[in-house]
Amino acid sequence: MKKKIAVIGGGIVGSTASYYLAKAGHSVSVFDSGTGQATAAAAGIICPWLSRRRNKKWYRLVSEGAAFYDKLLADLASDGLKTAAYARCGALILGQSADYIQEVHDRAMERREQAPLIGNVAILKGTELKKIFPPLSNVEQALYVGGGARVDGRELTKTLLQATTQFGGTIHKETVSLANDNDGTLAVLMPVGPQKFDAIILAAGAWLPQILQPLGYTVDVRGQKGQLVVLQTEDNDPQNYPVIMPQGEIDLLPFGHGKTVIGASHENDKGYDLQPDASVTDPMLEQAYTWLPQLKDAVTTEIRVGTRAYTSDFSPFFGRVPGLQNCFAASGLGSSGLTSGPLIGYLLAELAQGKESSLPTEDYPIATYVKLVGR
Ligand SMILES: Cc1cc2nc3c(=O)[nH]c(=O)nc-3n(C[C@H](O)[C@H](O)[C@H](O)COP(=O)(O)OP(=O)(O)OC[C@H]3O[C@@H](n4cnc5c(N)ncnc54)[C@H](O)[C@@H]3O)c2cc1C
């Protein structure tokens, strides 16, 4: 049966959910204020298999999330929408010692048994390394992981929202809120007045607390500022070089045709602040010059700033909002949200249609983070 569904938030989670819902024939309205959107700020790396994190449920979400990209891109292509937002370009892991590189190599080999998408794994040196990434300097050896990918979050959501409208969905650049009606159902408060929906998806990222608190909920989600720098050189090489993941905080993402992204900061104390801050980005650039000195001649075309959502134990969650029948939410995707986000959006779309979620919701329990305490 065709349902009338509202999706609040048009980042990676909301735009994927809205695409699959509209494609399934539902009447979808997406509301997105766009302010501070993490997805639009992120030029992200999809390479979750090397993490030291031991949380198995989190690992399942990010590794299946990375694999889900194949389905998402194939579905978009079958709907006539090809996108260059995603490229499986491989990843080069740099370390301060040979022991570190060996340790990550061994972990990748072990995890490849369960996740063949990891692809070719090899420690590269000298001419082998030069061949795979000629401009790379001051690196003796690196670990190559063939399945690593990069995605431009802003471009991908643009395509997903375009696909949503192709199936009859509507996109509203508006900030909306929710109200509990006397009959116990929810209404979306739009500038034109309250509107009822058969189901509501809250894909509001770091702003989930602001939506649910007025309804009497506490939400264990905080904002974290992330900044990255977009650089442009005159180099017109179209090559899809691997992304570079040095040990430490920053990553370097070559996008071809002279565009390189350096990111990203993780600023807990700055929360929802959206001001570019050179005292944070300049040291990131200095570090990047170590490996790609030619970037010293690049022009900074943009500093992207976005707000990531974190829970107090760094775990993402999704599912039905406790106490509300037809309202579903996800948040807390943290710094791996471009990796898990499309899959989570798909799972929310399943739930909103009254289906079972393909991944067990009890492994990512919303009730741990979203609690009804009353007004
Ligand atoms: C600089 C940076 C680099 C990153 N790099 C990576 C990476 O390399 N790999 C990786 O996997 N992940 C990365 N991430 C993390 C990833 O981008 C996020 O986890 C993910 O995009 C979150 O998606 P989301 O849809 O949950 O939230 P968002 O993308 O934040 O979307 C939420 C949307 O909801 C809107 N909204 C909120 N409240 C309302 C309301 N009341 N009404 C209407 N709209 C509303 C917001 O304005 C926003 O547009 C990075 C993030 C940043 C900031």
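Modeller: A helix here is a DSSP run of H or I with at least four residues, numbered from the N terminus. The model is predicted. Take α9, residues 337-352. G354 follows α9 and has a positive phi, near 80°.

Colleague: What makes α9 count as largely enclosed by the rest of the structure?

Modeller: Buried means under 20% relative accessible area. In α9, 15 of the 16 residues are buried, so the helix is largely enclosed by the rest of the structure.

Colleague: Which angle do the axes of α3 and α9 make where they cross?

Modeller: Roughly 70°, with the axes of α3 (residues 56-78) and α9 coming within 7 Å. Angles of 65 to 115 degrees count as roughly perpendicular. The crossing angle falls in that range, so α3 is roughly perpendicular to α9.

Colleague: Which residues make the contact?

Modeller: From α3, they include L61, V62, F68 and L72. From α9, they include L338, P342, I344 and Y346. By class, the contact has 11 nonpolar, 3 polar and 2 charged residues.

Colleague: Which aromatic cluster does Y346 belong to?

Modeller: Y346 clusters with Y19, Y20, F68 and F167. F68 of α3 and Y346 of α9 are also among the helix contact residues.

Colleague: How many aromatic pairs are there in total?

Modeller: The structure holds 12. Y310 with F314 is an edge-to-face pair, 5.7 Å centre to centre with 80° between the planes.

Colleague: Why is that pair called edge-to-face?

Modeller: Rings pair if their centres lie within 6.5 Å, and planes over 60 degrees apart count as edge-to-face. Y310 and F314 give 5.7 Å and 80°, so both conditions hold.

Colleague: Buried or exposed: how do you class Y310?

Modeller: Y310 has 7% relative accessibility. The limit for buried is under 20%, so Y310 counts as buried. F314 has 44% and is partly exposed, because that value lies between the limits of 20% and 50%.

Colleague: What makes the pair of F318 and Y364 stacked?

Modeller: The planes of F318 and Y364 are 25° apart, with 5.6 Å centre to centre. Planes under 30 degrees apart count as stacked, so the label fits. The pair links distant parts of the chain: F318 lies in strand β20, Y364 in the loop between α9 and β22, 46 residues apart. Both F318 and Y364 are buried.

Colleague: How do you know that R53 lies over the face of W58?

Modeller: CZ of Arg must be within 6 Å of the ring centre and within 35 degrees of the ring normal. R53 lies over the face of W58, at 4.4 Å from the ring centre. The charged end of K259 sits over the ring of F255, 5.0 Å from its centre.

Colleague: Why is G332 called buried?

Modeller: Its relative accessible area is 2%, so G332 is under the 20% limit. G332 sits in the loop between β21 and α9. Among the residues that G332 touches are A309, Y310 and P316.

Colleague: What is notable about the phi of N138?

Modeller: Phi of N138 is near 55°, a positive value in a residue other than glycine. N138 lies in the loop between α5 and β7. Its relative accessible area is 64%, over the 50% limit, so N138 is exposed.

Colleague: Where is H257, and how is its accessibility classed?

Modeller: H257 is in the loop between β17 and β18. Its relative accessible area is 43%, so H257 is partly exposed. Phi of H257 is positive, about 50°, although the residue is not a glycine.

Technical notes: Residues are numbered from 1 along each chain as its sequence is written. This is a predicted model: local features need pLDDT of at least 70, side-chain atom pairs count only at pLDDT 80 or more; totals for chains, interfaces and linings use all residues. Side-chain values use heavy atoms; hydrogens and water are left out. Axes are lines fitted to C-alpha atoms, for helices over the stretch in contact, and angles run from 0 to 180 degrees between N-to-C directions. Helices (H or I, at least four residues) and strands (E, at least two) are DSSP runs, numbered from the N terminus. Angles under 35 degrees count as roughly parallel, over 145 as roughly antiparallel, 65 to 115 as roughly perpendicular and the rest as oblique. Contact means heavy atoms within 4.5 Å. Ala, Val, Leu, Ile, Met, Phe, Trp, Tyr, Cys and Pro count as nonpolar, Asp, Glu, Lys and Arg as charged, and the others, Gly among them, as polar. Rings of Phe, Tyr and Trp (its six-membered ring) pair if their centres lie within 6.5 Å; planes under 30 degrees apart count as stacked, over 60 as edge-to-face and the rest as tilted. Buried means under 20% relative accessible area, exposed over 50%, partly exposed in between (1.4 Å probe, protein chains only). Lists of a residue's contacts leave out its neighbours within four places in sequence.
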